[in-house]
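Welcome, and take a moment to look over the model before reading on. This report walks through a few of its features, one at a time.

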Amino acid sequence: TQTFTVVPSTGNKISSVSVSGSVIEASQDGSYSFIVSSANAVKVEIVGENEAAPVVEELTIIANKGTLNGKSISWTGTNVKVTNNQDKSTSAIRTSDSDHHRIYAKSQVVVELTSGTQIKEVKFTCVSTGSYATVISEAATAAGYSASINGKTVTVSGITGTSITFNVAAQTRITGVAVTYKA
């Protein structure tokens, strides 16, 4: 039995360790072990990745600052795009609000990275506490994400990719979105 420990350099982490093509897991103490069963050479491969600090990008979500495109309105930042898509039965997207965006019932909210590898969390700031935050929280949870409310802020986590999408069942109003992601 051969045992070894891998210590990544600062700012990096171990993605995988394999021995002769078979991935092995670390023990609780962080060491790796494998059994040498022949006189043949054994190839140990260690794959690491940079564990850069996450980036937080904040967008102010005001209706009259968004880009209107038919039944959608969107706000684009440096690496993040937030879109509210209206249901075909909804008459209009409200573009006159000067301090928030009104999300109507039966609409879809999409948050996506235009550059980056993975969204870690999304925080929606609502106009007020209570029902608006609850609507966003319930919609995100129904879509399979974890959501928590702290006053006017809804934090959505449990995200596994570069975008999140959820359908909103009732009207709500938001003023900002902050997206934390891996660059």
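**A hairpin to begin with**

A good place to start is the hairpin formed by β2 and β3, which has two residues between its strands. In the turn, S20 has a positive phi of about 50°. This is a predicted model, so please read every value here as computed from that prediction.

The two strands of the hairpin, β2 and β3 (residues 22–24), run antiparallel and are paired over three bridges. You can follow this pairing residue by residue: V19 stands opposite S22 in β3, and V17 has I24 as its bridge partner.

**The three-strand sheet**

Now widen the view a little. The hairpin strands belong to an open sheet of three strands, ordered β3-β2-β5, with antiparallel pairing. Because β3 and β5 stand at the edges and each has a single partner strand, one side of each is left without a neighbour in the sheet. From one strand to the next, the twist averages 35°.

Between β2 (residues 12–19) and β5 there are seven bridges, again in the antiparallel sense. On this side, I14 stands opposite G48 in β5.

**Around V42**

Where does V42 lie? Its place is in the loop between β4 (31–34) and β5 (44–50). V42 has a relative accessible area of 36%, so this residue counts as partly exposed. Together with V36, V44 and I46, V42 makes a nonpolar surface patch of about 280 Å².

V42 can also be placed relative to the hairpin strand β3. In sequence, V42 and I24 are 18 residues apart, while in space their C-alpha atoms are 13 Å apart.

**The five-strand sheet**

Another open sheet has five strands in the order β7-β8-β9-β11-β15, and its pairing is antiparallel. Here the edges are taken by β7 (67–69) and β15 (163–168); each has a single partner strand, so one side of each is left without a neighbour in the sheet. The twist in this sheet averages 15° from one strand to the next.

Within the sheet, β8 (residues 72–76) and β9 (residues 80–86) run antiparallel and are joined by five bridges. If you look along this pair, you will find S74 opposite T83 in β9.

**Two salt bridges**

How many salt bridges does a search of the whole structure find? The search finds two, and they are set out below.

| Salt bridge | Closest N and O atoms |
|---|---|
| R94 with D97 | 2.8 Å apart |
| K123 with E121 | 3.9 Å apart |

Are the partners buried or exposed? D97 is buried, because its relative accessible area is 8% and buried means under 20%. R94, on the other side of that bridge, is partly exposed at 28%. In the other salt bridge, K123 counts as partly exposed at 33% relative accessibility, and E121 counts as partly exposed at 23%.

**How confident is the prediction?**

For the protein chain, the mean pLDDT is 89, and 97% of the residues reach 70 or more. Confidence is lowest in β5, where the mean is 82. It is highest in strand β14 (residues 153–157), at 97. Keep this in mind when you return to the three-strand sheet, where β5 stands at an edge.

Note on methods:
Residues numbered from 1 in each chain as written. Predicted model: local features only at pLDDT ≥ 70, side-chain atom pairs only at ≥ 80, totals over all residues. Heavy atoms only, no water. Patch = residues over 30% accessible without salt bridge, like charges linked within 9 Å, V, L, I, M, F, W, Y side chains within 5 Å. Areas by Shrake-Rupley, 256 points an atom, 1.4 Å probe, with all protein chains shown as cover. Salt bridge = Lys/Arg side-chain N within 4 Å of Asp/Glu carboxyl O. Helix = DSSP H or I, 4+ residues; strand = E, 2+ residues; numbered from the N terminus. Buried < 20%, exposed > 50% of the residue type's maximum accessible area, 1.4 Å probe, protein only. Pairing = 2+ DSSP bridges. pLDDT = per-residue confidence, 0-100. Axes fitted to C-alpha atoms, helices over the stretch in contact; angles between N-to-C directions.
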